[in-house]
Amino acid sequence: MSRQKKKEKLVKPQEKTKSFLEPWPNLPQQLLDFMGRQHPDETNRFMQNISFLGVTKSWRSVPKQCSTKNAQLPWLEISDKDHFFQSKTQEHTLNIPFRRGEYWWYGRSTSWDIPWTHFHGCSHGLIVAGGKDPAMFCLLIPTSRFTYRSIPTWDPTIPFKFATLSSNPYNNNKACFLMVLTGCSTQAFVVSHLGYQNKWMKEENTLLDPNCSKRKLMQFTNAIGFEGKFYALSLQGTLAVIEEIESRFQITKLSRSRAVPSVFPKHFTEYLLESNGEILLIFLIFELSIRKVDKVEVFKLQMDDLSWLKLDKLGNRTLFAGTNYCMFVNASQLGCRSNCVYFIERATNTWRFYEMGSDTISPCFDDYGSQTLSPVWEEPIVENKFLVR
């Protein structure tokens with residue numbers, strides 16, 4: 001009796017999947033429309049309130065009984081690798097509907113082939129973007145039609161994960177620097193002087209992360225530029241101040257406290273944002289599943305000792321935390337709820353809001369009491385000669 005030959009499973013060559021063109025920023029539609037109707041100067045001010053995507057982290061091992069005050073905490077790891085580690089392959093299109101003509105930008109109804117579709121950061125109203133060439137990046141000016149600014153050629157052997165500016169280049173171009181986080185530990189960051197378009201300044205990292213139980217070198221995952229300096233968060237929650245000393249960028253200070261939520265969740269997403277002259281740290285906390293936010297916390301950086309102060313109110317400010325950005329607005333100007341944080345619930349892809357005063361999370365409803373994919377509110381009636389309806 002002859003053996004029956006096993007049927008070999010034919011494996012088809014894996015087809016290249018097209019990269020999803022992600023709208024950026026994925027703000028509520030009413031806020032996008034509001035921004036698009038404004039005078040260009042006002043739109044620029046809105047753009048300067050936007051920071052780039054947050055970073056989601058997970059505890060490697062969650063202790064059964066432990067306090068965040070304990071210095072020997074378990075170590076953290078990146079959990080949203082699709083965003084942080086695969087940012088090079090993600091393509092974006094600008095999602096703000098500027099007016100047609102002088103303020104209409106690519107990504108809406110123009111067929112012009114723009115190469116800058118990979119966004120790596122948004123700082124002081126400018127977008128750091130790359131294209132098909134891994135050595136070419138630029139600063140996009142979203143409120144000016146097809147306008148961008150070149151930056152030095154990049155070394156493709158070094159990862160280009162995230163970028164931010166030290167200050168507003170419109171105020172003082174010669175004092176503005178661009179920092180890139182590589183996601184590596186040995187060469188954790190690279191800096192370029194915008195006033196002199198010639199080279200990148202590379203520094204070898206030799207500092208061990210004081211909050212890493214494995215005694216590894218510091219690896220930065222998030223950063224923000226503020227008043228000419230960089231404030232970078234490591235993977236383990238250590239804040240580092242990076243500034244220019246004798247024409248070299250060095251880590252000059254490290255925080256003693258660890259930037260983690262006050263509770264021990266399974267996962268959390270962190271956002272760094274400048275708001276009214278303060279550096280804020282927003283946590284979306286997932287206690288069980290990464291698809292459901294169970295708690296929100298907002299902290300303010302204390303500049304004197306680099307500690308984080310938990311806030312119980314935001315005043316007239318409202319924060320928006322999307323999947324690829326974070327932003328603050330003046331609630332009375334927009335007409336939305338004040339003293340709260342709007343965020344997207346991944347499980348249902350709907351917007352929810354967290355009220356600071358009552359410490360509660362609620363769904364967003366429209367005027368008819370139905371849960372909406374995007375929050376709506378009644379905008380104030382303002383006589384503004386620059387406002388385009």
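# Exercises on strands and hairpins

Strand β12 (residues 189-193) and strand β13 run antiparallel and are joined by two bridges. Strands (E, at least two residues) and helices (H or I, at least four residues) are DSSP runs that are numbered from the N terminus, and two strands pair if DSSP finds at least two bridges between them. This is a predicted model, in which local features need pLDDT of at least 70 and side-chain atom pairs count only at pLDDT 80 or more, whereas totals for chains, interfaces and linings use all residues. Residues are numbered from 1 along each chain as its sequence is written, and side-chain values use heavy atoms, with hydrogens and water left out.

**Exercise 1. Work out the order of the strands in the open sheet of four strands, and find its edge strands.**

Step 1. Follow the pairings one by one: β10 and β11 pair in the antiparallel sense over four bridges, and β11 is joined to β12 by five bridges, again in an antiparallel run. The two bridges from β12 to β13 complete the series.

Step 2. Put these pairings together, and the order β10-β11-β12-β13 appears, with antiparallel pairing. The edge strands are β10 (162-165) and β13 (201-202), each of which pairs on one side only.

Step 3. Check the order with individual residues. Ala163 has Val180 in β11 as its bridge partner, Leu181 has Phe189 in β12, and Val190 has Lys202 in β13.

**Exercise 2. Explain why strand β11 is described as largely enclosed by the rest of the structure.**

Step 1. Count the buried residues, where buried means under 20% relative accessible area, exposed means over 50%, and partly exposed lies in between (1.4 Å probe, protein chains only). In β11 (residues 177-181), five of the five residues are buried, and therefore the strand is largely enclosed by the rest of the structure.

Step 2. Look at the two faces separately. Phe177, Met179 and Leu181 are buried on one side, while Leu178 and Val180 are buried on the other, which leaves both faces covered.

Step 3. Set this beside the protein, in which buried residues make up 52% of the 389 residues.

**Exercise 3. Describe the two hairpins that involve strand β15.**

Step 1. Begin with strand β14 (residues 220-226), which pairs with β15 in the antiparallel sense over six bridges. Phe226 stands opposite Lys229 in β15, and the hairpin has two residues between its strands, with Glu227 in the turn showing a positive phi of about 55°.

Step 2. Continue to strand β16 (residues 239-245), whose antiparallel pairing with β15 has four bridges. Here Ala232 has Ala240 in β16 as its bridge partner, and four residues lie between the strands of this hairpin, including Gly237, which has a positive phi of about 90°.

Step 3. Examine β15 (residues 229-234) itself, which is mostly covered, since five of its six residues are buried.

**Exercise 4. Decide which stretches at residues 1-17 and 383-389 have contacts in the model beyond nearby sequence positions.**

Step 1. Consider the confidence, given as pLDDT, the predictor's confidence in each residue from 0 to 100. The protein has a mean pLDDT of 81, and 79% of its residues reach 70 or more. Over residues 1-17, however, the pLDDT is below 50, and this stretch has zero contacts beyond near neighbours in sequence, contact meaning heavy atoms within 4.5 Å.

Step 2. Turn to residues 383-389, where pLDDT stays under 50, although the model has nine contacts for them beyond four places in sequence.
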